[in-house]
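Reader: I'd like a close look at one part of this model, and then a walk outward from there. Could you keep it chatty?

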Number of protein chains: 2
Amino acid sequence: MPKPEVDPTAPLRLSVDRSSPVPLYFQLAQQLEAAIEHGTLTPGSLLGNEIELAGRLGLSRPTVRQAIQSLVDKGLLVRRRGVGTQVVHSQVKRPLELSSLYDDLEAAGQRPASQVLVNTLEPASAEVAAALGVAEGTEVHRVERLRLAHGEPMAYLCNHLPTGLFDLDSAQLEATGLYRLMRAAGITLHSARQSVGARAATADEGERLGEPEGAPLLTMQRTTFDDTGRAVEFGSHTYRASRYSFEFQLLVRP
Amino acid sequence: MPKPEVDPTAPLRLSVDRSSPVPLYFQLAQQLEAAIEHGTLTPGSLLGNEIELAGRLGLSRPTVRQAIQSLVDKGLLVRRRGVGTQVVHSQVKRPLELSSLYDDLEAAGQRPASQVLVNTLEPASAEVAAALGVAEGTEVHRVERLRLAHGEPMAYLCNHLPTGLFDLDSAQLEATGLYRLMRAAGITLHSARQSVGARAATADEGERLGEPEGAPLLTMQRTTFDDTGRAVEFGSHTYRASRYSFEFQLLVRP
DNA sequence: GAAGTCTGATTGTCCGGACAAACTAAGGGC
DNA sequence: GCCCTTAGTTTGTCCGGACAATCAGACTTC
């Protein structure tokens, strides 16, 4: 493998546009991230001290620090007092995100398809009521979907949502993911509590997913909260273990 | 349920110790977090504006902002321009951490026990070599452990580690978790790449874990990196799906 | 040669201030 | 009554500076 054709002594081409509405620290962070992604900043290399960097760009040190800090939070950089700021020897890509299966499949280029099996209202069971923080028996949406990739079933998704949040249109649900609909409705997702496990498929579950009875299934239950702390969705999903696994990156909080 | 006996109009008792070596912003963040945990700061309540807060504590606004920001990053607070900073209506506890099964079990009060089955050196297979970033055939540690809770097997853990990092003592491995040993050896964990799936138990696997052949197993593969980007551990773990599931909290990155 | 010591470099913490942007709510116009 | 404008509040961004804590490497000492 040829060595990267980058002169490490050449100072990075950085510049900021003060007339732009995008914050200066953000512009700098983007450029640094691009340089890391592109290989201009090689793993392990020092970034040059903050004061010099600030002077070169005509920025103040706090602004430069804010840019660097955002990349440290992303896990791309590591700071060492008395040494400098280094690019992490990555293999690390992205921390875990709250993504939907739809997004996952699309990112993998699998051209996902949905099939809405059920889209109705029903009184909340004890489990659903507890997850959504509503009284048992309250009317909630129930959506059952089958997620397909390459025409084969991948997962069976059952979601419960409180009423009055937004319009649950079956056609839209088939065209895109649930999370996109929520974001489009002005709901800002904040956090989620997930539980991932496994169990053997019942005869019904097996038939839906094209697996024999007793086949191992990967299960996920997730309750999603918006930024006001309200539970906006509770999902119970089963995935074909033979076709799907969860992959994610973790960052250790310092 | 009685209403919390807290007067929301009473200003929070906050104070900082300037003679302490612990940073002022960190002291403030800890006190705010404690107040949220304790219920003194109720979910949804405003925090009071930053300038007034700074004045009351004798701090500057940047310091107060740094404290607040750290809690926003943890998902405990939400800022709204023109409105103020609110306590999130939690149910949210902690974001996902890089924890070991040992820690998980201990937190659940299950008094974990380990049994080291194998602790040896062997040449790296292609898979292990790729994960650890070493040449195929390089000598690496191989550790196989059985994790028990209440005397029952919970998981079978197989780890591979590069040589020369630290001392792998079987007795210590049985007394504590692998991650604690690494931290104690001065290795600062940085990130990990995980893959969680499921599959049916083979006859051997079933026997080790006390499950019948074909029983669903939860599998996890994890490669852990330190802050220099070096892979320090590669683990292939299988859990009894009937006894164990992964639970975690996610934060949506804004 | 090995150990401890000093020095320079670099990030960490903290201050005080300034203006911009976004949101809320009250006031005025229709 | 309803909609638009306006003013006030609060966070967001940015500046320039100061000192402390920590690290690496060179130097000194034994």
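Which residue of chain B comes closest to the rotation axis, and at what C-alpha distance?

Author: That's P216(B), whose C-alpha sits 2.5 Å from the axis. Before going further, a word on what you're looking at: this is a predicted model, where local features need pLDDT of at least 70 and side-chain atom pairs count only at pLDDT 80 or more, while totals for chains, interfaces and linings use all residues. As for bookkeeping, residues are numbered from 1 along each chain as its sequence is written, chains are lettered from A and ligands numbered from 1 in the order in which they are written, and side-chain values use heavy atoms, with hydrogens and water left out.

Where does that axis come from? A turn of 180° with a shift of 0.0 Å along the axis lays chain B on chain A with an RMSD of 0.1 Å, and that is the relation of a two-fold axis. The superposition is done by least squares on the C-alpha atoms of residues with pLDDT of at least 70 in both copies. The copies meet through the same surface, because 100% of the interface residues of chain B are interface residues in chain A as well.

One spot that touches both chains is F246(B), which lies in strand β9 (residues 246–251) of chain B. Helices (H or I, at least four residues) and strands (E, at least two) are DSSP runs, numbered from the N terminus. Leaving out neighbours within four places in sequence, F246(B) has contacts (heavy atoms within 4.5 Å) with Q194(A), S195(A) and V196(A) from chain A, and with V196(B), L218(B), M220(B) and Y239(B) from its own chain. Of these partners, M220(B) is 26 residues away along the chain, with 9.9 Å between the two C-alpha atoms. F246(B) counts as buried at 11% relative accessibility; buried means under 20% relative accessible area, exposed over 50%, and partly exposed in between, using a 1.4 Å probe and protein chains only.

Staying in chain B, L165(B) belongs to the loop between β5 (152–162) and α6 (170–175). Beyond residues up to four places away in sequence, L165(B) touches I187(B), R230(B) and V232(B). Its C-alpha is 9.6 Å from that of G186(B), a residue 21 positions off in sequence.

Now hop over to chain A, which has eight helices and nine strands. Buried residues account for 47% of its 254 residues. Looking at contacts in chain A with a separation of 6 or more, 57% join residues 24 or more positions apart.

Strand β5 (residues 152–162) of chain A holds P162(A), which is buried with a relative accessible area of 16%. Its contacts, neighbours within four places aside, are L132(A), V140(A), H141(A), A231(A) and V232(A). T63(A), by contrast, is 99 residues away in sequence and 42 Å away in space, C-alpha to C-alpha.

Next, find E144(A) in strand β4 (residues 139–149). This glutamate is buried, at 12% relative accessible area. Setting aside neighbours within four places, E144(A) contacts Q115(A), V116(A), L117(A), V118(A), Y156(A), L157(A) and C158(A). Between E144(A) and Y156(A) there are 7.4 Å from C-alpha to C-alpha, at 12 residues apart in sequence.

That contact list ended on a cysteine. C158(A) counts as buried at 8% relative accessibility, and C158(B) is buried too, at 9%. If you were wondering about disulfides, a disulfide here is a pair of cysteine sulfur atoms within 2.5 Å, and the count over all chains is zero.

Finally, the helices. In chain A, the axes of α2 (residues 50–57) and α3 (residues 61–74) come within 9 Å and cross at roughly 110°, which makes α2(A) roughly perpendicular to α3(A). Axes are lines fitted to C-alpha atoms, for helices over the stretch in contact, with angles from 0 to 180 degrees between N-to-C directions; under 35 degrees counts as roughly parallel, over 145 as roughly antiparallel, 65 to 115 as roughly perpendicular and the rest as oblique. E50(A), I51(A), L53(A) and A54(A) of α2(A) make the contact with R61(A), V64(A), R65(A) and I68(A) of α3(A). These contact residues split into five nonpolar, no polar and three charged. For that split, Ala, Val, Leu, Ile, Met, Phe, Trp, Tyr, Cys and Pro are nonpolar, Asp, Glu, Lys and Arg are charged, and the others, Gly among them, are polar.
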